[in-house]
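Thanks for making the time this morning. I would like to walk you through one chain, going from its overall layout to its cysteines and then to its aromatic side chains.

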Amino acid sequence: MARRAPETFTCPNCGADVRVGALACPECGSDEDTGWSDDTMYDGLDLPDPDHDGSHPETSAARWKASVYGLAAVVLLVAFFWLLSRSGRLW
C-alpha cells in the first residue's frame, strides 16, 4: 500500500509548507496562538541583532591577547633599561 503525502498548507507568515495539524510553522515558528506573528518571521535566519553592540568573543579575545603581549613587551623593555642603568653601561 502506497503512503500518502501529508496534507500541508502554506504558512501565511513565511510561505513554508506546514503539515496540517502542526503546532507551529517549522520554518518561522508562527502558530495560531501568536496569530502567525511577524515577530517570529526572521527567527532561525542568524541575522545580526540590531540591539547588539557589535563585539564578538573572537575580537575581544584577540584584543586581550594583543594587550597582554604589549604589556609583556613594555615590562621587558623597562627591565632591560633598568639592568643597563644599574650596570653603569647606559649613561
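**Phe 80 and its surroundings**

Let me begin with a single residue, Phe 80, which counts as partly exposed because its relative accessibility is 45%. Please keep in mind throughout that this is a predicted model. Phe 80 sits in helix α1, the element that covers residues 57-87.

Stepping back to the whole chain, we have 1 helix and 2 strands, and if you read along the sequence the order of these elements is β-β-α. The chain has 91 residues, of which 12% count as buried. As for the contacts with a separation of 6 or more, 13% of them come from residues that lie 24 or more positions apart. The chain exposes about 8100 Å², and carbon and sulfur atoms supply 58% of that area.

Now to the cysteines. How many disulfides does the structure hold? The count is 0, and two of the cysteines let us follow the reasoning. For Cys 11, the closest cysteine sulfur belongs to Cys 28 and lies 3.7 Å away, which is too far for a bond, given that a disulfide requires the two sulfur atoms to be within 2.5 Å. For Cys 14, the closest cysteine sulfur is that of Cys 25, at 3.6 Å, and that is again too far for a bond. As to their surroundings, Cys 11 has a relative accessibility of 2% and therefore counts as buried, whereas Cys 14, with a relative accessible area of 35%, is partly exposed.

That brings me back to the helix residue I started with, and to its aromatic partner. The count of aromatic pairs comes to 1, and this pair is formed by Phe 80 and Phe 81, whose ring centres are 5.5 Å apart and whose planes meet at 70°. Why is the pair called edge-to-face? The angle between the planes is 70°, and the term applies because planes over 60 degrees apart are counted that way.

Phe 81, like its partner, is partly exposed, here with a relative accessible area of 42%, and the corresponding value for Phe 80 was 45%. Both phenylalanines also belong, together with Leu 77, to a nonpolar surface patch of about 310 Å².

So the picture I would leave you with has two parts: a chain with 0 disulfides, and a patch in which Leu 77 joins Phe 80 and Phe 81.

Technical notes
Residues are numbered from 1 along each chain as its sequence is written. This is a predicted model: local features need pLDDT of at least 70, side-chain atom pairs count only at pLDDT 80 or more; totals for chains, interfaces and linings use all residues. Side-chain values use heavy atoms; hydrogens and water are left out. Buried means under 20% relative accessible area, exposed over 50%, partly exposed in between (1.4 Å probe, protein chains only). Rings of Phe, Tyr and Trp (its six-membered ring) pair if their centres lie within 6.5 Å; planes under 30 degrees apart count as stacked, over 60 as edge-to-face and the rest as tilted. Patches are made of residues with over 30% relative accessible area and no salt bridge: like charges are joined within 9 Å, nonpolar side chains (Val, Leu, Ile, Met, Phe, Trp, Tyr) within 5 Å. Accessible areas come from the Shrake-Rupley method with a 1.4 Å probe; for residues, only the protein chains shown count as cover. A salt bridge is a side-chain nitrogen of Lys or Arg within 4 Å of a carboxyl oxygen of Asp or Glu. Helices (H or I, at least four residues) and strands (E, at least two) are DSSP runs, numbered from the N terminus. Contact means heavy atoms within 4.5 Å.
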